[in-house]
Amino acid sequence: MTTGFWQPQRQLLAANYLFYFAIQGLTVPFMGIYLDLRGFHAPEIGSLMAVQMATAMISPYLWASLADATGRRALVAKSGLALALVGFSGLFLAQGFWSTAAALVAFSFCWSGILAQLEVLTLSSLKPRTELYSKVRSWGSVGYLAMVIVAGWAFDQWDAGLLPWIGVAVLGAMLWFTLALNNGNGETAEVSKGSWQGVHWPKVLLYLLFAFSLNASHGAYYGFYVLYLQTLGIGESVAGLLVASGVLAEVALFALMPRLLRRVSLDRLMIACALLALMRWFITSQMVTPLGQLPAQLLHAASFALAHACAMQFIHHEFHPGIQGRVQALYGSLAFSGGGALGIYLSGHLWAEQPERVWQLAMALALVSLVAAGLSRACSYNLRVASPGGQESPCPESAVS
């Protein structure tokens, strides 16, 4: 990483990723045990986390439409973050199921609009070397890694009741760094020129099926992994280290992503994501010790990080710049939040009856994503998106010509 690469805009974006995914590192693995501490039962926990993710299916497109219409992506991100801080603070006042649901929905509605804007701003700041996206995005993995270790230790020493306090502190720090963020690279002039014409919809829908199923397979992990480890006699601090090991693998993979994207087609990478996700959930279901769980956590690099990097490249090369904010939002809504919400909701009900079946569900969903990836390859979709020389090389039939 050179000084020339880390211009001020990219430094601010890296800081935003760090804090954004620190919040994810707090809420994704530990929200389940926080809600359990609050006295909610497994179906209620599944419903609360599912309704949060279901809200995230709707709000990103609204925020992104505003950003695309005005060209003020940085301002949209700042506004969403400030309101998300207010919503998260509502956990201090929430008492029962409905007030807790209201706080989580308010937080999710505003929080969900931020990431799509960061992604578009980052890819715009990197043109034409968009395959270097992972250099900036990897700071999000650092934030996630630091948070799961610190929060896991803190909850083991005290309890998960600290979660709202930590969350508010991190959101406040992120807001401070977001205030200096700017639009960059003249995106305002571009936003009104976007068009949905020329989009290859069969390719897009097949990719969405792949991404939706893969993210849905993570539902049991997002909602119940730490609780699952507790049933095995593994405490929060060790659980935090296990989750952190997966993020370390994610950081290592992000470092390799520019080379992978230049040398390997997206359809092959999609197949690898699905196969390794299937392997991950099988290992998770079979291993009962921290050492046995470690290989499954290392596969997080493939089931999440590799899949996410592929999605960013797919969106950047398949759609016109003027609609990329909305497409990022749709991806986050339909594939990530929609898939995750379905996975968590179903897992919550399975957990109440037969906890081991949540991993069978995860494997079944990963298998669906594998079928979608195989069909994509059979149709010759999603070829290499960056040439060895570092110049952008749109996929066949790309909307970006």
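## A tour from the largest cavity outwards

Begin by selecting Tyr20, Gln24, Met53, Phe336 and Ser337, which lie nearest the centre of the largest cavity, a space lined by 36 residues. The model on your screen is a predicted one, and every value quoted on this tour was computed from it. The largest cavity holds about 650 Å³ of space, and a search of the whole structure finds five cavities of 30 Å³ or more.

To see what surrounds this space, colour the helices that give two or more residues to the lining of the largest cavity, namely α1, α2 (42-70), α4 (97-111), α5 (114-126), α6 (133-157), α14 and α15. Among these, α15 deserves its own colour, as the element that gives the most to the lining, with eight residues. If you then colour the lining by class, you will find 20 nonpolar, 13 polar and three charged residues.

**Gln24 and Trp111**

Stay with Gln24, one of the residues nearest the centre of the largest cavity, and follow the backbone to see that Gln24 lies in helix α1. Is Gln24 buried or exposed? Its relative accessibility is 13%, and because buried means under 20%, Gln24 counts as buried. Leaving out residues up to four places away in sequence, Gln24 touches Pro29, Trp111 and Tyr144.

Select Trp111 next, and display its partners: not counting residues up to four places away in sequence, Trp111 touches Tyr20, Ile23, Gln24, Gly80, Leu81, Ala84, Leu171 and Met174. Trp111 also belongs to the largest nonpolar core, a set of 128 residues in which Trp111, Phe155, Leu163, Phe210 and Trp359 touch the most other members. Helix α1 (residues 8-37) gives the most to this core, with 16 residues.

**The whole chain**

Zoom out for a moment and show the protein chain as a cartoon, where the secondary structure comes to 16 helices and zero strands. Of the 401 residues in the chain, 59% are buried. When contacts between residues at least 6 apart in sequence are considered, 85% of them join residues at least 24 apart. Switching to a surface view brings up an accessible surface of about 15000 Å², of which 68% belongs to carbon and sulfur atoms.

**The second largest cavity**

Now return to the interior and select Tyr207, Phe210, Ala211, Leu214, Asn215, His218, Ser303, Phe304, Ala307, His308, Ala311 and Tyr331, which line the second largest cavity. This cavity has a volume of about 90 Å³, and helices α9 and α14 each supply at least two residues of its lining. By class, the lining of the second largest cavity has eight nonpolar, four polar and no charged residues. Phe210, one of the lining residues here, is also among the residues that touch the most other members of the largest nonpolar core.

**The largest pocket**

The largest pocket holds about 160 Å³ of space. Centre the view on Val204, Leu208, Phe319, Val327 and Leu330, which are the closest to the pocket's centre among the 12 residues that line it. The helices that give two or more residues to this lining are α9 (201-216), α14 (300-318) and α15 (324-353). What classes of residue make up the lining of the largest pocket? The lining divides into 12 nonpolar, no polar and no charged residues.

**Three last stops**

Select His320, which sits in the loop between α14 and α15 and is partly exposed, with a relative accessible area of 22%. A distance drawn from the C-alpha atom of His320 to that of Val199, 121 residues apart along the chain, comes to 8.9 Å.

Move on to Val142 in helix α6, which at 32% relative accessibility counts as partly exposed. Apart from its neighbours within four places in sequence, Val142 is in contact with Leu18 and Val251. The C-alpha atoms of Val142 and Val251 are separated by 7.4 Å, although these two residues stand 109 residues apart along the chain.

Finish at Leu93, in the loop between α3 (73-89) and α4. Its relative accessibility is 69%, and because exposed means over 50%, Leu93 counts as exposed. The C-alpha atom of Leu93 is separated by 8.8 Å from that of Ala103, 10 residues apart along the chain.

Technical notes: Residues are numbered from 1 along each chain as its sequence is written. This is a predicted model: local features need pLDDT of at least 70, side-chain atom pairs count only at pLDDT 80 or more; totals for chains, interfaces and linings use all residues. Side-chain values use heavy atoms; hydrogens and water are left out. Helices (H or I, at least four residues) and strands (E, at least two) are DSSP runs, numbered from the N terminus. Buried means under 20% relative accessible area, exposed over 50%, partly exposed in between (1.4 Å probe, protein chains only). Contact means heavy atoms within 4.5 Å. Accessible areas come from the Shrake-Rupley method with a 1.4 Å probe; for residues, only the protein chains shown count as cover. A nonpolar core is a set of buried Ala, Val, Leu, Ile, Met, Phe, Trp, Tyr and Cys residues joined through side-chain atoms within 4.5 Å. On a 1 Å grid over the protein atoms alone, a cavity is a set of points where a 1.4 Å probe fits but cannot get out, and a pocket is an open set with protein on both sides within 12 Å along at least five of seven lines; lining residues have an atom within 4 Å of a point. Grid points are joined across faces, edges and corners, and a volume is the space filled by probe spheres set on the points. Ala, Val, Leu, Ile, Met, Phe, Trp, Tyr, Cys and Pro count as nonpolar, Asp, Glu, Lys and Arg as charged, and the others, Gly among them, as polar.
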